[in-house]
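Hello,

Here is the structure we talked about, ready for you to open. Have a look first, then read my notes below.

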Amino acid sequence: MRMTIGDFLIRRLQEIGITEVIGVPGDFNLNWLEQIEAADGIRFVGSTNELNAAYAADGYARARGVSCLLTTYGVGELSALNGLAGAACEHIPMVSIAGAPPLFATEKRWLLHHTLADGNFGNMLDSLRPFTALAERISPMNAVTEIDRALRTCLREKRPVHLQLPSDISHLSITVPDEPLDTSLEPSDPVQLEAVLDRLVQEFAAAENPVLLVDQDAQRHGFLDLFAQIVDKIQLPYAQMASGKALLSEQHPLFLGTYNGKASWPGVRERVEGSDFLLTCTPRFIEVNSGSFSHELYEENIVDFGDQHVNIYGEHIVGLDTTEVLAELLERLPAADGAGSGTSATGDSAGESAGDSAGDSAAKQPSSVNPEAVLPEPFEVRVGAELTQARLWPQVREFIRPGDTVIAEAGTSNIGLGPQRMPENVRYINSAIWGSIGYTLPALLGSQMADADTRHLLFIGDGSFQLTAQELSTILREKQKPIIVLLNNRGYTIERYILGMDREYNDIADWAYHKLPEVFVPGTEMVSYTARTEDELADAFTAINNSDKGAFLEIHLDPEDAPAGLQAFGPMTAEFDYGPRGPRN
């Protein structure tokens, strides 16, 4: 069949589940925007700038599985680059599209606006290639091939891809395939699959202390449900990395806690590092999720699951679709005594498991549970007590409901929430590795757009909020109803604990944050609250829970107060960054 290039691109985006394109209009993309306006089942959502749009597309992809970002050539592409790099770092599938100058101008090297006026039209693609799995310019001759290749690569590699769409070609018609885009994975080589399964079943049976360590790629590659079923069936204890928080249930009796090298939860380091059969999913250890590189894991004890490989004690085995490996492994492993009752690792009620476990040494019984991982006592509000970081986060924990989406800004919010056990089925979003502050407010916009039926809670510091504050206006324009909890401690608390506690460079302007919803959208239905004491916070939480409207809650805290984890993190970071002769000494 014949179809315009722009309409074919829209069709392919819809086939992979995209119903919103997030971005900023520009003269080189308006032609394609007209085609989006005319299409059914997809719409454009304008952001306030390209960086925020990239952050929003990141949040959308975490909820929906893939997203689409639209910018314009040069100024737009480069403005979005930090967000694209964050998506690459965090393994987020994002289809980035930039309206580009007309193809004839590119081929004749005309000097145009949004360029360096030197006739070079390859430098923007060159700039984006290190941060994408693919970056190409579309032409009428390659449109079908490159669009399909880009979308498959994006979904396969879990990375952003970037396509430039010249402004003079989107309305040209080309011959396109009738069939929907095939995004299925290549099945495993049957010989490799059988050999790996035999080996894994044998190693499970021989293991004395098996443990599963979960990180973010378990979610990105679709392993979570299979991991949860294996945990329940064989009663496998599991821990999480800080960058994999709440991917599996933090309420399950087999949940050990967070592994973070010497900064691990009590008892967790001993269990993880002492495991003779440690299952991982390509964890990436950086200073903030490894206790400043104090992790001690040994290849001879590790079985690592990547999306296209299994590494068994250092032997790298390829030719595999790992979801097939895990699904078949689940069938072959014998069930432990008592499996199938109680809370499942996904937070659902577990059904009955088939099979017996007589003589099965792979299924360890109650001794596999961390005895120190006890549930916290209920929080008791102290009337008139000023809010402190030590008591704020346990109070916040009781406000979070099962099924919520919790978005935590890098720094104080994420470190404060880290030790708090999330309720069942919470989706926890943060930029654990890239750590770009300001990310979470636009990510909130995108996540809600992709999953409108879930209650969204954002915890963000005042310094981070000021970087991307204007996106609150888009949230209100879209009539979203999030709960935004802003921590006003008048500056960059995490930086204060690294260096410069009293320095002016860590101060920021003290806005009247809770008044901003009315400033951005006069007459907005979002309700604003402020709290300085524990009982004021409790009253605000009660009012929010009893309301069906969005909420903006400004919490006032001492600028020199911080969660215990941050107070420890700051000096460790200073030691790592500045050395023994650094300015703090």
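**The annotated domain**

UniProt lists residues 421-554 as "domain: Thiamine pyrophosphate enzyme TPP-binding", in an unreviewed entry. Keep in mind that this is a predicted model. Over residues 421-554 the chain is 36% helix and 18% strand. The end C-alpha atoms of that stretch are 23 Å apart.

**Cavities**

The count comes to three cavities of 30 Å³ or more. The largest cavity has a volume of about 170 Å³. Which residues lie closest to its centre? Of the 18 lining residues, they are Ala410, Thr412, Gly461, Ser464 and Thr493. Four elements each give at least two residues to this lining: α15 (412-417), β18 (456-461), α17 (462-468) and α19 (493-498). By class, the lining of the largest cavity has six nonpolar, nine polar and three charged residues.

**The largest pocket**

Next, the largest pocket. Its volume is about 1,100 Å³. The lining has 44 residues, and those closest to the centre are Val288, Gly411, Asn414, Ile415 and Phe569. Look for α14 (389-399), α15, α19 and α22 (564-578), which are the elements that give two or more residues to the pocket lining. Which of them gives the largest share? That is α22, with six residues. The lining of the largest pocket divides into 22 nonpolar, 18 polar and four charged residues. Note that α15 appears in the lining of the largest cavity and in that of the largest pocket. The same holds for α19, in the cavity lining and in the pocket lining.

**Aromatic pairs**

A pair of aromatic rings is described by the distance of the centres and the angle of the planes. This structure holds 16 aromatic pairs. Take Phe277 and Tyr313: the ring centres are 6.5 Å apart and the planes are at 80°, so the pair is edge-to-face. Phe277 is in strand β12 (residues 277-280), while Tyr313 is in the loop between β14 (310-312) and β15 (315-317). The two residues are 36 residues apart, and their pair links distant parts of the chain. Are these two buried or partly exposed? Phe277 has 0% relative accessibility, so it counts as buried. Tyr313 has a relative accessible area of 24%, so it is partly exposed.

Phe465 and Phe552 also form an edge-to-face pair, at 5.8 Å centre to centre and 75° between the planes. Phe465 lies in helix α17 and Phe552 in strand β21 (residues 551-556), so this pair ties together parts that are 87 residues apart in sequence. Phe465 is buried, with a relative accessible area of 0%. Phe552 counts as buried at 0% relative accessibility. Phe465 and Phe552 belong to one aromatic cluster with Trp511 and Tyr513.

**Charges over rings**

Two spots to find on screen. Lys245 lies over the face of Tyr428, 5.6 Å from the ring centre. The charged end of Arg455 sits over the ring of Phe399, 4.8 Å from its centre.

**Helix α1**

Why is α1 called largely enclosed by the rest of the structure? Eight of the 11 residues of this helix (residues 5-15) are buried, so the description fits. The buried residues are Ile5, Gly6, Phe8, Leu9, Ile10, Arg11, Arg12 and Leu13. Just after α1, Gly17 takes a positive phi of about 100°.

Best wishes

Key. Residues are numbered from 1 along each chain as its sequence is written. This is a predicted model: local features need pLDDT of at least 70, side-chain atom pairs count only at pLDDT 80 or more; totals for chains, interfaces and linings use all residues. Side-chain values use heavy atoms; hydrogens and water are left out. UniProt positions are given in the numbering used here, feature names are shortened, and annotations may be inferred rather than shown by experiment. On a 1 Å grid over the protein atoms alone, a cavity is a set of points where a 1.4 Å probe fits but cannot get out, and a pocket is an open set with protein on both sides within 12 Å along at least five of seven lines; lining residues have an atom within 4 Å of a point. Grid points are joined across faces, edges and corners, and a volume is the space filled by probe spheres set on the points. Ala, Val, Leu, Ile, Met, Phe, Trp, Tyr, Cys and Pro count as nonpolar, Asp, Glu, Lys and Arg as charged, and the others, Gly among them, as polar. Rings of Phe, Tyr and Trp (its six-membered ring) pair if their centres lie within 6.5 Å; planes under 30 degrees apart count as stacked, over 60 as edge-to-face and the rest as tilted. Buried means under 20% relative accessible area, exposed over 50%, partly exposed in between (1.4 Å probe, protein chains only). A charge sits over a ring if NZ of Lys or CZ of Arg is within 6 Å of the ring centre and within 35 degrees of the ring normal.
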